[in-house]
Amino acid sequence: MLNTHLVISTSNDLLRVAASHILYISSDGNYCNFFQTGGEMRLVTYQLGQVERMIAEQLPELSTQFVRIGKSLIINLNYVYYIHVPKQQLILVDGQQNRYTLSASKEALKALKELIEKNSL
Amino acid sequence: MIREENISDSEIRVIGGSNLQPTPTFPWRVVAVSLAVIAAVVAVVCLLWPKAPEQLPEQGIFEPETNYASLDNAPKTHPLQGWLASLDSITAVGTITKDTTVNDIPLRIYVPMNSTPRLEIGYGALDNRERNILFFQAADVRADNKKIVGAFVLRGQPLSWGLSKRGYCAIIDGKVTVGVADNSPLFEQATEHGGYFFRQYPLVDNGRLVENELKNKSIRRGLCEIDGHIAVVATQSTESLHDFAQALVDIGVSNAIYLVGSTAQGWSMDAEGNGTKMGLWDERPYKNISFIVWPLTSDI
């Protein structure tokens, strides 16, 4: 059965979020912020590398829609709307047309641009 | 298999993908290892090289002779010592200010008298300015999601977590602590005692300047601990963070963290009730903006 939800559990709480609702995840020190469609943000007490591993393990069929960008971002490729390499700008747009402007290195954005171009062929 | 942290800011990788993994880049690792080996060889050579006897600086005609042995034991003095000692700490009200110039940097020092600060969220402090003797913007607001930057506790309630800046201010049971630490137990104490906590760039740590990455020049403000007083020091000209921090060290500040400068709102009111606005008061775009506020004693 296709697993469509990511479960992040700690000793105190549990977060279960549909992969399709994850816009991006940003690191915040030793923690991560989950930004979801509709504008909800939730902090989880795991490092970004640990969350990356959870995605790979729990969502094997869906994990390739997520891309790690540098040390501080994981994005959902399905919501990429605009990339401007020189401005180091990455804009995601969710289903309700909310815009989320992110920043990453030029090298990483160039690689992301090439990846999306390659996937669209 | 994912290599958990094996990625640089110039790379991307598809999670779980088998055909993509960090994007090919210049072999920095090879270069870094090579440089490390060269540096190690140079360090070993330097350590083994015979050293010249250590020399004290040559004495000049126009410089008084210095007794280097006694310098470390000399009592620490600074330009504000006499002024701070003269402040009437029992009956004084309002904010006492003093202008001084250090290293060609004009500074204004604000010392709020007989008031314990608290943190406030939103722009209420501006509207109630007559009830406050001093306030300045405290924590920063994130550019991407407009949330509070770094850990933040408001009257015992944690509103934000994370370590993006190492400087901190804790206000617990009326005691204000300014310091520098990655992890501070004062965060938890603030939540347990109904206190306050926020983070900002560190400027001075136990009398030593702390370097920061911000290099531009701007109006700078700092929350400072000096001779047992908590004061706010602001530049009257645009300065780099480094020069500002050095000026704080030179006037005798023992610990200091940054407060939002530039056009951020601020307010001070003297003993006669004369108030001074600072920054741009018409712009109020951030609901998560925070202020450190010293209320009138009667309002505490």
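These legends walk through several close-up views of a predicted model.

**View 1. Chain B as a whole.**
Let us start with chain B, which has six helices and 18 strands. Of its 300 residues, 36% are buried. Many contacts in chain B reach across the sequence: taking pairs of residues at least 6 apart, 66% of the contacts join residues at least 24 apart.

**View 2. Where chain B meets chain A.**
Here 23 residues of chain B are in contact with 28 residues of chain A. On the chain B side, the residues that touch chain A comprise eight nonpolar, nine polar and six charged ones. As you look around this view, try to spot each of these three kinds.

**View 3. A sheet built from both chains.**
Six strands make up an open sheet, and you can follow them in the order S5(A)-S4(A)-S3(A)-S7(A)-S6(A)-S1(B). The pairing is antiparallel. S5 of chain A (41–44) and S1 of chain B stand at the edges with a single partner strand each, so one side of each has no neighbour in the sheet. From one strand to the next, the twist averages 20°.

**View 4. The strand pair that crosses from chain to chain.**
Zooming in on one end of the sheet, strand S6 of chain A (residues 66–69) pairs with strand S1 of chain B (residues 12–14). Three bridges link these strands, in the antiparallel sense. To find your way, look for Val67(A), which stands opposite Val14(B) in S1(B). Helix H2 of chain A (residues 106–120) lies across S6 of chain A together with S1 of chain B. The helix runs at about 35° to S1(B).

**View 5. The pair at the other edge.**
Now turn to S5(A), which pairs with strand S4 of chain A (residues 31–36). This pairing is antiparallel too, and has four bridges. A handy landmark is Phe34(A), whose bridge partner in S5(A) is Arg42(A).

**View 6. The nonpolar cores.**
The largest nonpolar core has 68 residues. Within this core, Phe197(B), Val232(B) and Leu248(B) touch the most other members. Take Leu248(B) as a starting point: beyond its neighbours within four places in sequence, Leu248(B) is in contact with Leu203(B), Val204(B), Gly222(B), Cys224(B), Val233(B), Val253(B) and Ala256(B). A second, separate core has 33 residues, among them Ile25(A), Leu62(A), Ile74(A) and Leu109(A).

Definitions and conventions: Residues numbered from 1 in each chain as written. Chains lettered and ligands numbered in written order. Predicted model: local features only at pLDDT ≥ 70, side-chain atom pairs only at ≥ 80, totals over all residues. Helix = DSSP H or I, 4+ residues; strand = E, 2+ residues; numbered from the N terminus. Buried ≥ 20, exposed ≤ 12 C-beta atoms within 10 Å, placed from the backbone. Contact = placed C-beta atoms within 7 Å. Nonpolar A, V, L, I, M, F, W, Y, C, P; charged D, E, K, R; others polar. Pairing = 2+ DSSP bridges. Core = buried A, V, L, I, M, F, W, Y, C linked by C-beta atoms within 7 Å. Axes fitted to C-alpha atoms, helices over the stretch in contact; angles between N-to-C directions.
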